[in-house]
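Trainee: I should like to learn how the features of a protein model are read. May we take them one at a time, with the model before us?

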Amino acid sequence: MLMLSFLEAVAVQAWQLGFIGFLLMATPVWAQVPSAAPGGFEAQPPPPAVPPSTQLEQDYRVPALQRNVQGNLWVGSWQGLAQIDPNTGRVLSRINLPNRLIGALAEDRVGRIWVGTYQGLQRVDPRSNEITAQNFALPSNRVLSLLVDNRGYLWVGSDRGLALISPDQGLLMTTLQDLPGISANAMALDAFGQLWVGTLEGLVQIDTASALILRRVVDLPGSTVQAMTRSPEGDLWIGTPGGLLVVDSLSGQVQRSVTEFRGRNVTAVSFDRLGNLWVGTSDGLFVVNRYNGAVLRSIPGLPSSRVLAISPDTGNKVWVGTSEGLGWVSLTTGVARSSQAFSRP
């Protein structure tokens with residue numbers, strides 16, 4: 001136990017100094033629920049949950065959507081976490097989390113749902129709808145983005161850097177706190193499985209095997225990257241407060257700035273199975289031709305014009321998280337509707 005305590009102390013000091021690639025394979029920092037953490041460590045107590053308030057009760061924003069392997073949709077909102085049938089919109093389950101301010105969702109290789117909140121990270125077993133692990137030892141507990149890489153490891157983006165987690169063993173493997181641009185707002189994998197991170201100052205490419213920085217891309221129009229996806233051709237489509245950019249993932253060079261979105265605040269981007277790009281902005285949702293950047297149509301009728309998340313091809317619909325709730329667009333008629341279960345009455 002003396003040796004274990006020493007390793008814990010060293011690990012904490014390493015986080016504070018911001019060492020890159022510091023492995024904690026011998027020091028689990030996960031609190032298994034409901035039992036104690038593995039390896040005989042005492043589970044770290046979670047930070048106190050944000051108490052309910054009138055302001056939170058009335059906040060219907062939906063920042064995260066995740067389609068699971070069964071085709072159902074997980075909805076991460078500031079009202080909590082729920083699973084719905086995307087064909088009918090029926091709520092299948094609601095999960096009681098320590099903190100309901102959700103910023104990101106991801107599904108791992110065995111179907112577990114990872115939930116990034118503003119007070120840490122939880123792992124949910126969809127078979128029991130129970131939290132099976134929690135983590136409050138990240139570079140920051142304000143989780144903004146989540147991504148499972150080609151090896152099955154989970155990357156956690158926070159407002160103070162990155163963490164790499166082994167989802168099966170429950171180990172925090174690596175932290176990268178001196179991330180250029182600090183805040184890991186969005187993430188995507190390129191065709192070679194390397195990680196691209198959108199930050200406050202541009203793009204950073206990370207080697208997923210070593211967690212070392214391979215490349216930086218700065219001086220982007222709009223500077224801050226707040227949304228990112230990979231096209232069928234392998235290019236990165238980037239949403240910034242100043243527009244929509246296309247970046248070559250091999251060279252890191254900006255190929256073009258999409259004319260129709262110059263000066264617009266692009267907040268969400270996602271390709272559907274037909275290769276059309278859905279672009280969410282602070283002032284509407286648009287379908288875009290990826291070859292020439294032309295807007296094919298705009299989508300009225302959502303709960304709010306401020307789009308936060310997009311999940312295409314889910315239950316013959318495109319589901320859209322907005323600042324005022326959840327909506328969907330019929331792929332048959334193109335008409336948008338609000339989900340009554342996740343929108344302001």
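Trainee: In which loop does proline 241 lie?

Mentor: The model is a predicted one. A loop is named by the strands on either side. Proline 241 falls in the loop that connects β19 (236–240) to β20 (243–247).

Trainee: Is proline 241 buried, partly exposed or exposed?

Mentor: One compares the relative accessible area with two cut-offs: buried is under 20% and exposed over 50%. Proline 241 has a relative accessibility of 37%, so this residue counts as partly exposed.

Trainee: Which residues does proline 241 contact beyond its neighbours in sequence?

Mentor: Setting aside residues within four places in sequence, proline 241 has contacts with Gly222, Thr224, Gln226, Arg264 and Asn265. For arginine 264 there is also a backbone value: its C-alpha atom is 6.4 Å from that of proline 241, with the two positions 23 residues apart along the chain.

Trainee: How is the sign of phi to be read?

Mentor: The general idea is that most residues other than glycine have a negative phi. Isoleucine 182 has a positive phi of about 65°, although this residue is not a glycine. Isoleucine 182 sits in the loop between β13 (171–176) and β14 (186–189), and its relative accessible area of 46% makes it partly exposed.

Trainee: What is the phi of aspartate 313, and is this residue buried or exposed?

Mentor: Aspartate 313 has a positive phi near 55°, and it too is a residue other than glycine. Its place is the loop between β26 (307–311) and β27 (317–322). With 17% relative accessibility, aspartate 313 counts as buried, because the cut-off for buried is under 20%.

Trainee: Let us turn to aromatic pairs. How many does the structure hold?

Mentor: The structure holds four aromatic pairs. One reads the distance between ring centres together with the angle between the planes; an angle over 60 degrees counts as edge-to-face. For phenylalanine 261 and phenylalanine 286 the ring centres are 5.7 Å apart and the planes stand at 80°, so this pair is edge-to-face.

Trainee: Which parts of the chain does that pair tie together?

Mentor: Phenylalanine 261 belongs to the loop between β21 (254–257) and β22 (266–271), and phenylalanine 286 to strand β24 (residues 284–288); the pair therefore ties together parts that are 25 residues apart in sequence. Phenylalanine 261 is buried at 0% relative accessibility, and phenylalanine 286 is buried as well, at 8%.

Trainee: How are the rings of tryptophan 319 and tryptophan 328 arranged?

Mentor: That aromatic pair is tilted, with 6.4 Å from centre to centre and 50° between the planes. Tryptophan 319 is buried, its relative accessible area being 1%, whereas tryptophan 328 is partly exposed at 22%.

Trainee: Which residues does leucine 65 touch farther along the chain?

Mentor: Not counting residues up to four places away in sequence, leucine 65 touches several residues, including Trp319, Leu73, Val75, Leu105, Ile310 and Leu326. Leucine 65 is part of strand β2 (residues 64–67) and is buried, with a relative accessible area of 13%. Valine 75 lies ten residues away along the chain, and its C-alpha atom is 5.0 Å from that of leucine 65.

Trainee: Where is leucine 144 found, and what does it contact?

Mentor: Leucine 144 is in strand β10 (residues 143–148). Beyond its neighbours within four places, its contacts include Gly103, Ala104, Gly157, Asp159 and Ala184. Glycine 103 is 41 residues from leucine 144 in sequence, yet their C-alpha atoms are 5.2 Å apart.

Trainee: What volume does the second largest pocket have, and what lines it?

Mentor: Its volume is about 180 Å³. The lining has 13 residues, of which Asp272, Leu274, Asn276, Arg297 and Leu331 are closest to the centre. By residue class, the lining divides into four nonpolar, five polar and four charged.

Trainee: How does one finally read the protein as a whole?

Mentor: One sets totals beside the local features. The protein has two helices and 29 strands, and 56% of its 345 residues count as buried. Among contacts between residues at least 6 apart in sequence, 44% join residues at least 24 apart. The protein exposes about 14,900 Å², and carbon and sulfur atoms supply 50% of that area.

Methods. Residues are numbered from 1 along each chain as its sequence is written. This is a predicted model: local features need pLDDT of at least 70, side-chain atom pairs count only at pLDDT 80 or more; totals for chains, interfaces and linings use all residues. Side-chain values use heavy atoms; hydrogens and water are left out. Helices (H or I, at least four residues) and strands (E, at least two) are DSSP runs, numbered from the N terminus. Buried means under 20% relative accessible area, exposed over 50%, partly exposed in between (1.4 Å probe, protein chains only). Contact means heavy atoms within 4.5 Å. On a 1 Å grid over the protein atoms alone, a cavity is a set of points where a 1.4 Å probe fits but cannot get out, and a pocket is an open set with protein on both sides within 12 Å along at least five of seven lines; lining residues have an atom within 4 Å of a point. Grid points are joined across faces, edges and corners, and a volume is the space filled by probe spheres set on the points. Ala, Val, Leu, Ile, Met, Phe, Trp, Tyr, Cys and Pro count as nonpolar, Asp, Glu, Lys and Arg as charged, and the others, Gly among them, as polar. Accessible areas come from the Shrake-Rupley method with a 1.4 Å probe; for residues, only the protein chains shown count as cover. Rings of Phe, Tyr and Trp (its six-membered ring) pair if their centres lie within 6.5 Å; planes under 30 degrees apart count as stacked, over 60 as edge-to-face and the rest as tilted.
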